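This briefing covers how two chains meet and how some of their helices pack. The structure comes first, then the notes by topic.

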Amino acid sequence: MSTVTSKPEASRDAVSAKDKWLRAYRQMVRIRHFEEQVNELYTRALMPGLAHLYSGEEAVAVGICEALRVDDYITSTHRGHGHCLAKGASPDRMFAELLGKEAGYCRGKGGSMHIADPATGNLGANAIVGGSVGIATGAAFASKRLGNNRVAVCFFGEGALGQGSLYEVMNLAQLWKLPVIYVCENNLYNEYTHFSETTAGTIVGRAAAFGIETAVVDGQDVRAVNAIATRLVQRARAGEGPAFLQADTYRYGGHHVGDINREYYRAKSEEQHWKTERDPIKLHGSWLIEQEHADTSALEGIATEARTEMESAVKFAIEAPYPSIDQVDEDVYA
Amino acid sequence: MPERELTFAQAVREALAEEMRRDSSVCIFGEDVAEAGTPFKVLSGLVEEFGAQRVLDTPISEAGFTGIGVGAAMTGLRPVVDIMFGDFLTLTMDQMVNQAAKAHYMSGGHWKVPMVIRTTLGATRRSAAQHSQSLHAWFSHVPGLKVVLPSTPYDAKGLLKTAIRDENPVIFFEDKMMYKLKGPVPAEDYTIPLGVADVKRKGDDITLVATSSMVQVALGAANILEREGISAEVVDPRTTWPLDEKTIIESAKKTSRVIVLDEGYGRYGVTAELAAVIAEGAFYDLDAPVKRMGAMHVPIPFSPPLEDVTVPTEETVTEAARRLCNKT
């Protein structure tokens with residue numbers, strides 16, 4: 001940080017902090033409400049395919065994307081709605097994509113697991129676990145070569161730690177000092193299997209082996225995530241190379257919406273504990289009230305706004321037309 | 001003035017150098033591509049001209065650096081990724097098939113992947129089963145990829161320049177036994193469109209549709225056949241996708257007899273596709289079933305006499321042509 005410029009007034013700092021953390025709250029609430037609508041669409045059989053919900057993990061996507069510029073890159077996963085929204089995607093076009101409509105981000109050709117949007121630097125959600133580690137690292141390579149100072153964030157779940165290509169690209173990212181941040185969202189379960197059954201050693205130890213800067217953060221604490229992300233992004237932008245962030249979090253629902261009977265791999269009491277004691281929205285809401293940045297009714301207002309926004313986005317998507325059949329072989333080649 | 005001649009390897013290098021001078025977003029990465037210039041010495045001199053920022057040696061991590069190529073291509077560069085032996089393409093399959101081939105379509109046309117994979121094919125180099133395969137059929141099978149198979153130095157330069165300028169992922173297969181083959185190559189800038197076949201030799205009695213390494217074999221067979229009074233036409237598709245079906249079908253209709261030749265495995269391979277295209281497009285003009293000739297359905301053996309019988313030769317092609325023309 002520069003010490004040459006005069007220190008901003010304390011009151012201005014307070015206002016900007018209040019705005020910043022209210023915005024983070026709003027973003028998390030929007031993601032939660034988006035996913036509730038997805039759940040509804042899926043269970044009412046209005047949504048084709050599979051739905052992998054991000055509920056419970058909102059502080060990770062929001063804490064990180066709030067530390068990024070709009071032209072920074074992200075790659076996302078099959079559980080990607082939260083990343084896309086946090087990076088600035090609009091819910092109406094997202095829902096349209098989820099329903100396979102022409103107004104969707106991918107003109108209906110990608111669906112829930114493939115939302116991509118150049119305008120917000122979203123290189124695409126990826127349905128191959130670990131499939132985007134090369135793409136994110138390549139975007140960081142291009143950023144460095146072209147000198148455009150963009151950072152790439154590669155989101156993946158702890159399940160992707162089993163994929164060898166992750167280690168190939170981390171080695172290269174460190175050798176070439178690329179501005180890429182690998183964000184491992186450890187929601188504890190590789191689909192239906194606890195990560196302790198699939199993961200030898202430690203998670204960050206894998207990145208540390210390459211000499212990559214590592215950090216572990218409470219992924220339910222949006223302010224903690226944002227603070228670390230801000231530091232790692234600044235570092236990457238300054239040419240100091242890649243970083244690996246382990247964000248410990250929890251997936252409230254099943255691997256996908258249809259994964260209802262989960263007792264064989266995790267206890268209901270465990271789910272209940274995370275939902276009541278570790279909910280990122282509740283935790284951050286309480287903090288906002290404590291800090292007098294908001295009162296209960298202000299937070300309720302944010303929730304109402306988010307619900308209305310998502311309801312109208314769903315309505316837009318349901319009413320939107322499907323692509324015409326003649327588009328089926330468009331865009332196979334550029 | 002006599003035509004300038006270059007080897008196949010020199011033609012590839014010249015195409016790369018010209019495109020790198022023309023467009024600063026073109027860069028090369030792969031194993032031993034910089035000072036070593038690859039084991040085949042195809043890239044010698046490029047790092048000296050363009051520097052280590054544009055010609056980058058990578059670790060032995062084909063999946064990793066191919067994936068980096070995909071991401072870099074999506075975000076403003078035109079990477080030319082070097083996969084030393086075509087056999088190692090197996091290590092890149094997710095990146096090529098699930099990522100590069102689909103990014104444009106899955107994103108509704110928003111993202112593009114203008115990258116080239118340069119790699120090799122071909123047996124008879126005594127390299128055994130993991131360094132001798134011709135796996136281009138796999139990539140020709142996948143929508144979103146283009147597959148280029150140059151057979152002369154002239155084609156190599158013109159097709160590679162087009163591949164680098166293309167907005168899609170293109171796999172460029174070089175026959176490693178052909179690197180020393182000499183042929184005329186203009187010094188000036190020229191490109192050859194993808195999807196346009198080249199009639200390498202005109203003929204009337206039989207068509208030999210041949211790709212890559214098999215083009216020289218077909219031309220050699222055509223010379224022998226000519227002495228025996230059989231006039232063979234040699235058609236080189238030059239790209240398996242896009243495929244110039246029209247030129248192939250027209251030649252088949254004209255001669256009424258066809259052998260399709262490709263160094264990939266015969267079963268479920270390029271020859272099967274070419275034969276089907278001809279059957280669909282020229283069935284009523286054919287006087288004989290289309291004959292397919294490809295690599296024998298075995299892992300390529302090391303022992304020279306064994307390896308030599310796994311691929312079509314001038315002699316086996318000539319013999320097959322005689323039978324097809326009822327002149328045995």
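In this predicted model, α5(A) and α3(B) are oblique to each other, because their axes cross at about 55°, an angle that lies outside the ranges for parallel (under 35 degrees), perpendicular (65 to 115) and antiparallel (over 145). The points below describe that pair, the wider contact between the chains, a helix pair within chain B, and one helix of chain A.

**Helix pair across the chains**
- Helix α5 of chain A spans residues 133–146, and its axis lies 6 Å from that of α3(B).
- The two helices, α5(A) and α3(B), cross in a right-handed sense.
- From α5(A), the residues that take part are V133(A), G134(A), I135(A), A136(A), T137(A), G138(A), A139(A), F141(A) and A142(A).
- Their partners in α3(B) are G64(B), T66(B), G67(B), I68(B), G69(B), V70(B), G71(B), A72(B) and M74(B).
- Sorted by class, this contact of α5(A) with α3(B) holds ten nonpolar and eight polar residues, and no charged ones.

**Contact between chains A and B**
- Contact between the chains involves 37 residues of chain B and 34 residues of chain A.
- On the chain B side, the elements that give two or more residues are α3 (62–74), α4 (93–100) and α5 (103–106).
- Of these, α3(B) gives the most, with eleven residues.
- The chain B side that touches chain A has 20 polar, 14 nonpolar and three charged residues.

**Helix pair within chain B**
- Helix α8 (residues 213–227) and helix α12 (residues 314–324) of chain B have axes that come within 8 Å and cross at roughly 55°.
- That angle makes α8(B) oblique to α12(B).
- The crossing of α8(B) and α12(B) is right-handed.
- V217(B), A218(B), G220(B), A221(B), I224(B) and L225(B) are the residues of α8(B) in this contact, and they meet E314(B), V317(B), T318(B) and A321(B) of α12(B).
- By class, seven residues in the contact of α8(B) with α12(B) are nonpolar, two are polar and one is charged.

**Helix α10 of chain A**
- In helix α10 of chain A (residues 280–290), the buried residues are P280(A), I281(A), H284(A), G285(A) and L288(A).
- These residues lie on the same side of α10(A), because they cover an arc of only 125° around the axis.
- S286(A) and E290(A) are exposed on the other side of α10(A).
- Just after α10(A), E292(A) has a positive phi of about 60°.

Methods: Residues numbered from 1 in each chain as written. Chains lettered and ligands numbered in written order. Predicted model: local features only at pLDDT ≥ 70, side-chain atom pairs only at ≥ 80, totals over all residues. Contact = placed C-beta atoms within 7 Å. Helix = DSSP H or I, 4+ residues; strand = E, 2+ residues; numbered from the N terminus. Nonpolar A, V, L, I, M, F, W, Y, C, P; charged D, E, K, R; others polar. Axes fitted to C-alpha atoms, helices over the stretch in contact; angles between N-to-C directions. Left-handed = near helix turned anticlockwise from the far one by under 90°. Buried ≥ 20, exposed ≤ 12 C-beta atoms within 10 Å, placed from the backbone. Arc of directions from axis to C-beta.
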